[in-house]
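Got your viewer open? Load the model shown here, switch to the cartoon view, and follow along one selection at a time.

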Amino acid sequence: MSSEVEETLRRIQSHRGVKGVLIVSAQGVPIRSNLENEETNTYAALLSQLAMKASSVVRTLDETDELTFFRIRSKKHEIMIAPDAEYLLIVIQETAS
């Protein structure tokens, strides 16, 4: 990966509460992660499926529109996903108590 991408990933990881940063292929294959292997595979598989479904919903509602970003918040985590044609950028952050 280019040094610019590496620097961007380091900058994201340095934010308070960031638990994990993943780069996943559109097919759900993890490319880069700072999480443990099992956790990386779980997040990659589930969130890539969710991103495809969310993208499909946006296109169904308006065929000229496309999904650019979405966020999921639970009591413990906030998951932010930025989909692209080939990759997903996933950031998992702990929510403030």
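Start by selecting helix 2: its 25 residues, at 1.5 Å a residue, should span 36 Å, and its end C-alpha atoms are 36 Å apart, so the two agree. (The expected span is 1.5 Å times one less than the number of residues; helices are DSSP runs of H or I with at least four residues, strands are runs of E with at least two, and both are numbered from the N terminus.)

A quick word on what you're looking at: this is a predicted model, where local features need pLDDT of at least 70, side-chain atom pairs count only at pLDDT 80 or more, and totals for chains, interfaces and linings use all residues. Residues are numbered from 1 along each chain as its sequence is written, and side-chain values use heavy atoms, leaving out hydrogens and water.

Next, pick out the buried residues of helix 2 (buried means under 20% relative accessible area with a 1.4 Å probe, protein chains only): Thr-40, Tyr-43, Ala-44, Leu-47, Ser-48, Ala-51 and Ser-55. What covers them? Strands 1, 2, 3, 4 and 5 are among the elements that do.

Now show those strands. They form an open sheet of 5 strands in the order 2-1-5-4-3, with antiparallel pairing; two strands pair if DSSP finds at least two bridges between them. The edges are strand 2 (30-33) and strand 3 (70-73), each pairing on one side only.

Zoom in on strand 3: 4 bridges join it to strand 4 (residues 77-83), running antiparallel. Click Phe-70, and you'll find Ile-81 of strand 4 opposite.

Key
Buried means under 20% relative accessible area, exposed over 50%, partly exposed in between (1.4 Å probe, protein chains only). Contact means heavy atoms within 4.5 Å.
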